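This report takes the packing of the chain piece by piece. It begins with aromatic rings and ends with the overall fold.

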Amino acid sequence: MTEYDPARSREQRKQDTLDRLRQDEDAWVATASPDGVPTLVPLSFLWQDDTGTLVMATRRTNPTAVNVTPGGPIRITLGPTRDVVLIEGEARILEGADLPPATREAFATKLRWNPRIPVWVFLHITPHTVRAWREVNELADRDLMLSGTWLV
């Protein structure tokens, strides 16, 4: 029989999730075309504490950007399979000129990369659902955000 570490409280999972959002650099991003063709790619991201949103960059012609133009559903996962954060939300495309300068600077500073070339667009992602769990003993309370509101 498998023994698991004790389940974390929702409060601890929310704190662990926010720490991961602030510190991690990359995430898996899933979208689908209008006819249902899935796309899964790794992208670097910036978490904005003040707005509770994520910012990612990709080329305008990449399927991820095409699938959410001008806006659309998106799924993002952080962490390993034994400590996963799953985010579902809405993404909208921002041209580089529409990205606030402070956000561009924070993105460049965190990721040591500054996409100023016009082929890049930014995904501005508003989470609607956030779930986090490690093992089966955390599945029951994995919902941390529903309908855009933190539960803890």
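In this predicted model, there are three aromatic pairs. A pair of aromatic rings is described by the distance of the centres and the angle of the planes. Two of the pairs are set out here.

| Pair | Centre to centre | Angle between planes | Geometry |
|---|---|---|---|
| Phe107 and Phe122 | 5.6 Å | 85° | edge-to-face |
| Trp113 and Trp120 | 4.8 Å | 85° | edge-to-face |

Phe107 and Phe122 link distant parts of the chain. Phe107 belongs to helix 3 (residues 101–111), Phe122 to strand 6, and 15 residues separate them. Both Phe107 and Phe122 are buried.

How do Trp113 and Trp120 stand with respect to burial: buried, partly exposed or exposed? Trp113 has a relative accessibility of 34% and counts as partly exposed. Trp120 has a relative accessible area of 16%, so Trp120 is buried, the cut-off being under 20%. Phe107, Trp113, Trp120 and Phe122 together make one aromatic cluster.

Two rings also carry a charge above them. The charged end of Lys110 sits over the ring of Phe45, 4.3 Å from the ring centre. Over the ring of Trp133 sits the charged end of Arg142, 5.7 Å from the centre.

**Helix 3**

Helix 3 contributes Phe107 to the aromatic pair with Phe122. Its buried residues are Thr103, Arg104, Phe107, Ala108, Lys110 and Leu111. Lys110 is thus both buried and placed with its charged end over the ring of Phe45. Which elements do the buried residues of helix 3 pack against? They pack against helix 1, strand 2, strand 3 and strand 6. Just after helix 3, Arg112 takes a positive phi of about 55°.

**The nonpolar cores**

In soluble globular proteins, nonpolar side chains tend to be buried together. Here the largest nonpolar core holds 25 residues, and Met56 and Ile76 touch the most other members. Which elements give two or more residues to this core? They are helix 1 (10–23), strand 1 (26–32), strand 2 (38–48), strand 3 (53–59), strand 4 (71–78), strand 5 (84–95), strand 6 (120–133) and strand 7 (143–146). Strand 6 supplies the largest share, five residues.

Ile76 shows how the core is knitted together. Neighbours within four places in sequence are set aside here. Ile76 is then in contact with Ala27, Trp28, Val29, Leu54, Met56, Val85, Leu86, Ile87 and Ile125. A second, separate core has nine residues, among them Leu94, Leu99, Trp120 and Phe122. Trp120 and Phe122 are also members of the aromatic cluster.

**Strand 3 and its partners**

Why is strand 3 described as largely enclosed by the rest of the structure? Six of its seven residues are buried, so the description follows. Strand 3 has pairing partners in strand 2 and strand 6.

With strand 2 the sense is antiparallel, over four bridges. Leu46 stands opposite Val55 in strand 3. Strand 2 and strand 3 form a hairpin, with four residues between them. In the turn, Gly52 has a positive phi of about 65°.

With strand 6 the sense is again antiparallel, over six bridges. Thr58 stands opposite Val121 in strand 6.

**A buried arginine in helix 1**

Arg20 is found in helix 1. Is Arg20 buried or exposed? At 17% relative accessibility, Arg20 counts as buried, because the cut-off is under 20%. Leaving out residues up to four places away in sequence, Arg20 touches Phe45, Leu78, Gly79, Pro80, Asp83 and Val85. Phe45 is the residue whose ring lies under the charged end of Lys110. Val85 is also in contact with Ile76.

**The chain as a whole**

The protein chain has three helices and eight strands. Along the sequence they follow the pattern α-β-β-β-α-β-β-α-β-β-β. Of the 152 residues, 42% count as buried. Contacts in the chain between residues at least 6 apart in sequence join residues at least 24 apart in 61% of cases.

The C-alpha trace spans about 55 × 35 × 25 Å along its principal axes. For 152 residues, a compact globule would have a radius of gyration near 15 Å. The chain has 16 Å, which agrees.

Key:
Residues are numbered from 1 along each chain as its sequence is written. This is a predicted model: local features need pLDDT of at least 70, side-chain atom pairs count only at pLDDT 80 or more; totals for chains, interfaces and linings use all residues. Side-chain values use heavy atoms; hydrogens and water are left out. A nonpolar core is a set of buried Ala, Val, Leu, Ile, Met, Phe, Trp, Tyr and Cys residues joined through side-chain atoms within 4.5 Å. Buried means under 20% relative accessible area, exposed over 50%, partly exposed in between (1.4 Å probe, protein chains only). Contact means heavy atoms within 4.5 Å. Two strands pair if DSSP finds at least two bridges between them. Rings of Phe, Tyr and Trp (its six-membered ring) pair if their centres lie within 6.5 Å; planes under 30 degrees apart count as stacked, over 60 as edge-to-face and the rest as tilted. A charge sits over a ring if NZ of Lys or CZ of Arg is within 6 Å of the ring centre and within 35 degrees of the ring normal. The radius of gyration is taken over C-alpha atoms; the globule rule is 2.2 Å times the number of residues to the power 0.38.
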